[in-house]
Amino acid sequence: MSEWFIEDEREKVEFPDGSWVEIKTELTQEDQDAITTAMVKMRDNKDIDMVVGRLILLERMVVAWSFDPPVNKANLSKLRRKYREPVLKRIDELNGQNWEYIAKNSSAASSDGQPSAS
């Protein structure tokens, strides 16, 4: 693991039935930009609409799983809530830890908000 760059850091979210979902431990800038682009929409009168979407977060963070079908948007959107919610909760926890570090350690922290699964 690099001290300065995001590499292939992953974490498994495990379930009582033996299934698991592997997620990234940190969003890249590209991930953050994709999520922001998907969630912020401009209206005709130049006002901003925030669209709360969690599928884009799953798309950017889930990298592997123990299920037979491949990880893709269609399958992520059909993932049962008993798997989806714990994964989204863990993504939120990891993003929160990374955001707290920035807030504590940088007086010049970016004004971008923390992407959230909620």
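In this predicted model, E11 finds its bridge partner in β2, where I23 takes that role. A second pairing links the two strands as well, with V13 standing opposite V21 of β2. Both belong to a wider contact: β1 and β2, the latter spanning residues 20-24, run antiparallel and are joined by five bridges. As a helpful reminder when viewing these residues, side chains in a regular strand alternate between the two faces of the sheet.

The link between β1 and β2 deserves a brief look too. These strands form a hairpin with five residues between them, and within this hairpin G18 adopts a positive phi near 95°.

On to the partnership of β2 with β5. Here three bridges join the strands, which again run antiparallel. One of the residues involved is E22, whose bridge partner in β5 is A64.

Taken together, these pairings build an open sheet of three strands in the order β1-β2-β5, with antiparallel pairing. The edges are formed by β1, covering residues 10-14, and β5, covering residues 62-65, each of which pairs on one side only. Neighbouring strands of the sheet are turned against each other by 25° on average, with direction ignored.

Methods:
Residues are numbered from 1 along each chain as its sequence is written. This is a predicted model: local features need pLDDT of at least 70, side-chain atom pairs count only at pLDDT 80 or more; totals for chains, interfaces and linings use all residues. Side-chain values use heavy atoms; hydrogens and water are left out. Two strands pair if DSSP finds at least two bridges between them. Helices (H or I, at least four residues) and strands (E, at least two) are DSSP runs, numbered from the N terminus. Axes are lines fitted to C-alpha atoms, for helices over the stretch in contact, and angles run from 0 to 180 degrees between N-to-C directions.
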